[in-house]
Amino acid sequence: MKPIALLAAALGVALSVATPVSAQNAGQIAAVRNGANCPRCNLFQADLSNLTLKGKNLAGARLRQADLSTAVMNRTRFAGGDLRDVNAYGAVMTGASFARADLTNASFVGANLQGANFAGARLSGVNFSGAEMDRATGLKQSQLSQACGDDSTLLPRGLSIPRCR
């Protein structure tokens with residue numbers, strides 16, 4: 001290989017390695033912020049706080065580390081989604097579906113989750129302190145035993161949750 005061709009090839013490899021890969025999709029985040037449905041979208045670290053997005057389809061979406069604090073997302077579908085490390089402080093998510101979603105280490109402190117579906121959801125490390133979820137469905141004791149809450153957490157009859165430390 002000629003020295004010029006070798007240099008060009010090396011430069012091409014260096015540029016492809018140095019080009020950052022976007023962890024999120026800004027266009028998809030903007031669409032959701034404007035009220036669009038976006039199943040299986042990449043909404044990593046999206047700021048959806050303080051928005052009203054009722055009845056949206058975000059099933060299978062990657063919402064890891066997203067900010068959903070004080071958002072109103074009644075009847076929104078998060079089924080099968082990646083919601084690890086989500087902050088949903090004070091969110092209103094009545095009737096939302098979290099079926100088979102991964103909510104590991106999420107915070108639902110003070111959230112209204114009445115009628116939400118948690119069937120098959122992973123709840124390891126989730127903080128439900130002060131959450132209203134006594135009419136939530138699909139919850140099993142084995143799921144809640146991996147989460148935490150406090151004395152003001154409202155749970156369906158017969159279920160309990162460890163205290164957060």
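Here is a short round of questions and answers on the disulfides, charges and aromatic rings of this predicted model.

User: Before we start, how are residues numbered, and what pLDDT do local features need?

Analyst: Happy to set the scene: residues are numbered from 1 along each chain as its sequence is written, and side-chain values use heavy atoms, with hydrogens and water left out. The model is predicted, totals for chains, interfaces and linings use all residues, side-chain atom pairs count only at pLDDT 80 or more, and local features need pLDDT of at least 70.

User: How many disulfides does the structure hold, and what is the pairing in sequence order?

Analyst: A disulfide here is a pair of cysteine sulfur atoms within 2.5 Å. The structure holds 2 of them. One joins Cys38 to Cys41, with 1.7 Å from S to S, and another joins Cys148 to Cys164, at 1.9 Å. With the bonded cysteines numbered along the chain, the pairing is 1-2, 3-4.

User: Is the link of Cys38 and Cys41 left-handed or right-handed?

Analyst: Let's look at the setting before the twist. Cys38 has 7% relative accessibility and Cys41 has 8%, so both count as buried (under 20% relative accessible area; exposed is over 50% and partly exposed in between, with a 1.4 Å probe and protein chains only). The angle about the S-S bond is -80°, and the link is left-handed.

User: How many residues apart in sequence are the parts that Cys148 and Cys164 tie together?

Analyst: The torsion about the S-S bond of Cys148 and Cys164 is about 85°, so this disulfide is right-handed. Both cysteines lie in the segment after helix 3 (141-144), so the pair ties together parts that are 16 residues apart.

User: Which of those two cysteines is buried, and which is partly exposed?

Analyst: Relative accessibility sorts them nicely. Cys164 comes out at 24%, so this residue counts as partly exposed. Cys148 has a relative accessible area of 16%, so the buried one is Cys148.

User: What does the side chain of Asn25 reach at the start of helix 2?

Analyst: Helix 2 covers residues 26-33; helices (H or I, at least four residues) are DSSP runs, as are strands (E, at least two), numbered from the N terminus. Helix 2 is followed by Gly35, whose phi is positive, near 100°. At the start of the helix, a side-chain oxygen of Asn25 comes within 3.1 Å of the backbone nitrogen of Gly27.

User: How far apart are the closest N and O atoms of Asp85 and Arg64?

Analyst: These two form a salt bridge, meaning a side-chain nitrogen of Lys or Arg within 4 Å of a carboxyl oxygen of Asp or Glu. The structure holds 4 salt bridges. Asp85 is partly exposed at 29%, and Arg64 is partly exposed at 24%. Their closest N and O atoms are 3.3 Å apart.

User: Which residues are joined into one network by salt bridges that share partners?

Analyst: Arg84 and Asp82 meet in a salt bridge of 2.7 Å, N to O. Arg84 is partly exposed at 26%, whereas Asp82 is buried at 15%. Arg163 also forms a salt bridge with Asp151, at 2.9 Å. The network made by shared partners consists of Asp82, Arg84 and Asp102.

User: Which side chain of opposite charge is nearest to Lys56?

Analyst: Lys56 lies in the loop between helix 2 and helix 3, and this lysine is buried yet has no salt bridge. For charges, Lys and Arg count as positive and Asp and Glu as negative, while His and the chain ends are not counted. Lys56 touches (heavy atoms within 4.5 Å) residues including Gly35, Asn37 and Arg75, leaving aside those up to four places away in sequence. The nearest side chain of opposite charge is 17 Å away, and it is Asp47.

User: Which residues do ring pairs link into a cluster?

Analyst: Rings of Phe, Tyr and Trp (its six-membered ring) pair if their centres lie within 6.5 Å; planes under 30 degrees apart are stacked, over 60 edge-to-face and the rest tilted. The count comes to 5 aromatic pairs, among them the stacked pair of Phe108 and Phe128, at 5.7 Å centre to centre and 20° between the planes. Phe118 and Phe128 form an edge-to-face pair, at 6.1 Å and 85°. The cluster is made of Phe78, Phe98, Phe108, Phe118 and Phe128.

Note on methods
Polar contact = N/O pair within 3.5 Å; in protein donor to acceptor, adjacent residues only side chain to side chain.
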